[in-house]
Amino acid sequence: MQKKGNQIEPKSIVKPKGGKIVSAQEYDEIYEEIMKKIKEMYGQGVEVSD
C-alpha cells in the first residue's frame, strides 16, 4: 500500500495462477519430505563431547 499523507491507497489483490490442489494427506507427505531435506541440509543439531 502506498501512503499519501494520512490516506492509504489499497492495491488490488491478484489471484495466483497455476498451482495444484492437494488433499490434506498429500500436503502432510510433501511437508514431511521438505522438512527432511531441510534437516539434512542444516544438520540435526550440534554434537557435544564430554
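Where is the place of E26? Select E26 and you land in helix α1; before looking around, a few ground rules help. This is a predicted model, in which local features need pLDDT of at least 70, side-chain atom pairs count only at pLDDT 80 or more, and totals for chains, interfaces and linings use all residues. Residues are numbered from 1 along each chain as its sequence is written, and side-chain values use heavy atoms, with hydrogens and water left out.

**Whole chain.** Colour by secondary structure: you should find one helix and two strands, in the order β-β-α from the N terminus. Helices (H or I, at least four residues) and strands (E, at least two) are DSSP runs, numbered from the N terminus. Of the 50 residues, 0% count as buried (under 20% relative accessible area; exposed is over 50%, partly exposed in between; 1.4 Å probe, protein chains only).

**Helix α1.** Now select residues 24-42. The end C-alpha atoms of these 19 residues are 27 Å apart, in agreement with the 27 Å expected at 1.5 Å a residue (1.5 Å times one less than the number of residues). Step on to G43, just after α1, to see a positive phi of about 85 degrees.

**Two residues to compare.** Go back to E26, which is partly exposed because its relative accessible area is 36%. Next, pick Y27, also in helix α1; Y27 is partly exposed too, with a relative accessible area of 49%.

**Along the helix.** An α-helix has 3.6 residues a turn, so residues three or four places apart point the same way. Keep that in mind as you rotate the view.
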